[in-house]
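Dear colleague,

Please find below the structure that I am handing over to you. My findings follow directly after it.

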Amino acid sequence: MEGQDEVSAREQHFHSQVRESTICFLLFAVLYIVSYFIITRYKRKSDEQEDEDAIVNRISLSLSTFTLAVSAGAVLLLPFSIISNEILLSFPQNYYVQWLNGSLIHGLWNLASLFSNLCLFVLMPFAFFFLESEGFAGLKKILEDLDEQIYIVTLEEDALQRRLTGLSSSVEYSTMELERELENVKTLKTKLERRKKASAWERNLVYPAVMVLLLLETSISVLLVACNILCLLVDETAMPKGTRGPGIGSASLSAFGFVGAALEIILIFYLMVSSVVGFYSLRFFGDFIPRKDDTTMTKIIGNCVSILVLSSALPVMSRTLGITRFDLLGDFGRFNWLGNFYIVLSYNLLFAVVTTLCLVRKFTSAVREELLKALGLHKLHLSNTPRDAEASKPAANGHQKAL
């Protein structure tokens, strides 16, 4: 009997491993397909040539797609774990959710950590240098006759030099300024046309509702961080920590059950979106934003690396700020600084102060103006700021100044 029990236990373990591997593969396959369509939507179409460089582009495209899929998996780690915990609590004996267990969740966290490091330190550097060195074709081009190429390049250089000599520096500077101004005008025109085409339903309901929703999410995030700061001061268990035990399905992470879990998931996605928007809003990364059908592979690789870094930091950031109480699993909970009280407290204080200042100085004024416009109260001139008073004065030509 003992031998049969041992065989049965080994068979059960084998089936569990096969089931978990199949689920992980299917989840990653879905993420990979979605990531492939996203990258091909932004990838420059002129790079799809049929020559030796096409192989290089395909390899770089595959590695970038793999990295973006890993980034999406890292973003979904906490939401998937939180909802799995609530499902197991609600349906502990349900046959159809037996595959959803602690072993699967731990495996997903370990794979996300492993693939994140692999993409960040191995695959993406290889894809970049492989692309810049022209791949396998680079060895062949060294052996080519370079005299003809040098002659052609010399002719092009002489032609460009003659064209530059015929133009004065002021004309060149004026041309660059005009091109820059034209691009800004086109961007402004596109935004204005979009606002003009918006229906009354969008202007009066959708836009104000979205802005109010963002305001609520930001306010709730600050409130949760403030509560987490108080908990850090009075309770040691509020410190972010990793766990190796099963922990899944044993207790609810929120006093409000599914509602609290759904709120945590919404705030986690909000943190990720705000991080990405904030990253691309930086002046240094302004030209780094991918454009539809006009993004080079080098820029795609850079964007994939940036999103990978942000997504890999999301679970640790969410737990450190107290957005969720779900303990970090795998290598995500093995950072030494997670046990440093002063670092964690300083991080929470910095987030609360900076977000509150941003909320008071910029976001609330924008929401107020949009709500007044949507309700038709902007004509009452409720705002008495100096800028509004100056804007309401008629100009010299009899027209009202625009904001």
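Is Phe-284 buried or exposed? Phe-284 is exposed, because its relative accessibility is 73% and any value over 50% falls in that class. Please bear in mind throughout that this is a predicted model.

May I begin with the chain as a whole. The protein chain has 403 residues, of which 31% count as buried. Eleven helices and two strands make up its elements. Read from the N terminus, their order is α-α-α-α-α-α-α-β-α-α-β-α-α. Where contacts link residues at least 6 apart in sequence, 79% of them join residues at least 24 apart. The exposed area of the protein chain is about 26,500 Å², and carbon and sulfur atoms account for 65% of that area.

I turn next to helix α2, which spans residues 52-90 and includes Asn-57. Asn-57 counts as buried because its relative accessibility is 11%, and the limit for that class is under 20%. In sequence, 74 residues separate Asn-57 from Leu-131, yet their C-alpha atoms are 7.2 Å apart in space.

The aromatic residues deserve a section of their own. A pair of aromatic rings is described by how far apart the centres are and by the angle of the planes. In this model, the count comes to 15 aromatic pairs. One of them joins Phe-66 and Phe-115 in an edge-to-face arrangement, with 5.6 Å from centre to centre and 75 degrees between the planes. Phe-66 belongs to helix α2 and Phe-115 to helix α3 (residues 102-132), so this pair ties together parts that lie 49 residues apart in sequence. With a relative accessible area of 18%, Phe-66 is buried, whereas Phe-115 is partly exposed at 26% relative accessibility.

Another edge-to-face pair is formed by Phe-284 and Phe-285, with 5.0 Å centre to centre and 90 degrees between the planes. Phe-284 is the exposed residue named at the outset; its partner Phe-285 has a relative accessibility of 23% and therefore counts as partly exposed. Both residues belong to one aromatic cluster, which Phe-279, Tyr-280 and Phe-288 complete.

With kind regards

Note on methods: Residues numbered from 1 in each chain as written. Predicted model: local features only at pLDDT ≥ 70, side-chain atom pairs only at ≥ 80, totals over all residues. Heavy atoms only, no water. Helix = DSSP H or I, 4+ residues; strand = E, 2+ residues; numbered from the N terminus. Buried < 20%, exposed > 50% of the residue type's maximum accessible area, 1.4 Å probe, protein only. Contact = heavy atoms within 4.5 Å. Areas by Shrake-Rupley, 256 points an atom, 1.4 Å probe, with all protein chains shown as cover. Phe/Tyr/Trp six-rings, centres within 6.5 Å; stacked < 30°, edge-to-face > 60°.
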